[in-house]
Structures are given as C-alpha cells and as structure tokens.
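Here are my notes on the model you sent. Please read them with the structure open.

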Amino acid sequence: MHLSELRKELKAAADPARAKNLAWFFKTGKGQYGYGDKFIGITVPVIRRIAHRYVDLPLTEARKLLASPIHEHRFAALEILVAKYKGNEQAVYDFYLKNTHYVNNWDLVDTSAPYIVGQHLMTRPRKVLYKLAKSRSLWERRIAIVSTMTLIRAGQIEDALAISEILLADDHDLIHKAVGWMLREAGKRSTPALLDFLERHYERIPRTALRYAIERFPAAQRKRLLAGEFSGSSRIRCGSA
C-alpha cells in the first residue's frame, strides 16, 4: 500500500461539519495552543482503522504524512508508528524524537508517547524524559510526563513523581492536566506516595493538577485535601497501597 492511497482513504472519510467542531475543540483560534491546525473531520476510531492497514508504510513515507498540516494525517502517521514500534524499536524511537515538532497537539502526544517513548524506556535510562521536561516546547514537556504512563503501569512511579515535580511551575493548563493525570495514575499504585507528594508540594501544585490527582478519593477527603488538610489522609486508602 502507498501513501497516496492512504491519503485518499482519509479524504473519503472526511466530514466538513465535524471538522468545524474539531477545530473549535482543539483550540485553533489565534493565540490558542492549536492555532493554525487544520482538520478534515474524521473520528479517532476511523483514523485508527485506516491507519492500521498501512503499518508497512516506510518511515520515509510516514514522515511525509507526519509533516502534513492536516491534524488527522498526523494522527494516522503516529498510529502507524505505534504499530511499527514492535520489531523496529530503536528506529521508531529515534524517528519519533527527531520529529516531535510534528507531535503538536495533546491528542497526538497521548496516542503515541506512552507507546513509543514510554515503552522504549522501560528497560533503558530515562535521562531523555528530564531533558524533554525542561524543553521550551509545550508538546515536548507533555511528551515527558505522559510517557511515564507506561512506567506507572509497570509499577515504576518514581520518574512520574520526579518529572511532575519539575513541571509544577509550568504555566500551561495542558501540562497541569497531564501532571494531575499521571499523579492520579501513580496514586493507583501507591496512595501513600501520592499523598506524600501532594503534601510536600501543596503550596506549589496548580489547582487543576491537584483536582485531577485526587479525583478518585471520596468527596469528603477531596475537600480536605483541596484545603491542604493532610493529617491522617495517608491512612485513608484509595486504590492499591
């Protein structure tokens, strides 16, 4: 199968009405995080179904698709990369890190970073995550924290907590949400570790991140934690310890 055929399939699945809604949802207006992004209106399940028929697309062709100004093209390219990772681990990982400037919206990060970067670093040094966490690029910072999802699921929460700490001073809401999300996931592995982190950093943690991090706790406990009341909280379990 060829790139031209893939593009034709994506074009045939386009929906102009949905494209307008997506452009609004992904904040493509002037001054917004998705400014300039173009949508043609394809749902995620349809993109994935089409993309998975092209997993043999060479990386050189995948890069052309990834460089497209059309959001759904880039999403399809990333789905192909995730599918190609097994059996081509180092090549796909290296390719991904060289092309992060095309992974430039939150859904593009979330559909790819854990399954390429996170998966690759399961048994390797993780210095790259700390470098990305300090990047000037919003999307590279999100890649850094969201990649830890794979590590968290394997019971390795230390890097997620360390990178979350680095990003506490970040000024972007999309980072606040991602940090809170990963803290919540880490809390599923260790409630005491999450509560200790929140107590130590309560004065610094953005409210959005804090709300995301504690949303699995009972309502009464959430209220106390939002108010900075941690006494006895470590004895109230939510998820695994």
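The points below go from the overall fold to the pockets and then to single elements and residues.

1. Status of the model. This is a predicted model, and every value in this note is computed from it.

2. Fold. The protein has 16 helices and zero strands. Contacts between residues far apart in sequence are well represented: of the contacts with a separation of 6 or more, 71% join residues 24 or more positions apart.

3. Overall dimensions. Along the principal axes, the C-alpha atoms fill a box of roughly 60 × 40 × 30 Å. The radius of gyration is 19 Å, which agrees with the value near 18 Å that a compact globule of 241 residues would have.

4. Burial and surface. Of the 241 residues, 50% count as buried. The accessible surface comes to about 11800 Å². Carbon and sulfur atoms contribute 52% of that surface.

5. Largest pocket. This pocket holds about 300 Å³ of space. Its lining consists of 15 residues, and those nearest the centre are Trp106, Arg142, Leu174, Lys177 and Tyr212. Two elements give two or more residues to this lining, namely helix 7 (106-110) and helix 13 (173-189). Helix 13 supplies the largest share, with five residues. Sorted by class, the lining has six nonpolar, six charged and three polar residues.

6. Second largest pocket. Here the space is about 180 Å³. The lining again has 15 residues, of which Phe26, Val44, His71, Phe75 and Asp107 are the closest to the centre. Helix 3 (44-51), helix 5 (71-85) and helix 7 each give two or more residues to it. The classes are eight nonpolar, three polar and four charged. Helix 7 is thus worth viewing with both pockets on screen, as it is listed for the largest pocket and for the second largest pocket.

7. Helix 10. Is this helix, residues 138-146, enclosed or open to the outside? Nine of its nine residues are buried, so helix 10 is largely enclosed by the rest of the structure. The buried residues include Glu140, Arg141 and Arg142 as well as Leu138, Trp139 and Ile143. Ala144, Ile145 and Val146 complete the set. Arg142 also appears in point 5, among the residues nearest the centre of the largest pocket.

8. Ala186. This residue lies in helix 13, the element that gives five residues to the lining of the largest pocket. Ala186 has a relative accessibility of 2%, and because buried means under 20%, it counts as buried. Leaving aside residues up to four places away in sequence, Ala186 touches Ile152, Ile157 and Leu161. For a sense of distance, the C-alpha atoms of Ala186 and Ala76 are separated by 29 Å, and the two residues are 110 residues apart along the chain.

9. Lys27. Where does Lys27 sit? Its place is in the loop between helix 2 (16-25) and helix 3. Lys27 has a positive phi of about 55° although it is not a glycine. With a relative accessible area of 30%, Lys27 is partly exposed, because that value falls between the 20% limit for buried and the 50% limit for exposed.

Technical notes
Residues are numbered from 1 along each chain as its sequence is written. This is a predicted model: local features need pLDDT of at least 70, side-chain atom pairs count only at pLDDT 80 or more; totals for chains, interfaces and linings use all residues. Side-chain values use heavy atoms; hydrogens and water are left out. On a 1 Å grid over the protein atoms alone, a cavity is a set of points where a 1.4 Å probe fits but cannot get out, and a pocket is an open set with protein on both sides within 12 Å along at least five of seven lines; lining residues have an atom within 4 Å of a point. Grid points are joined across faces, edges and corners, and a volume is the space filled by probe spheres set on the points. Helices (H or I, at least four residues) and strands (E, at least two) are DSSP runs, numbered from the N terminus. Ala, Val, Leu, Ile, Met, Phe, Trp, Tyr, Cys and Pro count as nonpolar, Asp, Glu, Lys and Arg as charged, and the others, Gly among them, as polar. The radius of gyration is taken over C-alpha atoms; the globule rule is 2.2 Å times the number of residues to the power 0.38. Buried means under 20% relative accessible area, exposed over 50%, partly exposed in between (1.4 Å probe, protein chains only). Contact means heavy atoms within 4.5 Å. Accessible areas come from the Shrake-Rupley method with a 1.4 Å probe; for residues, only the protein chains shown count as cover.
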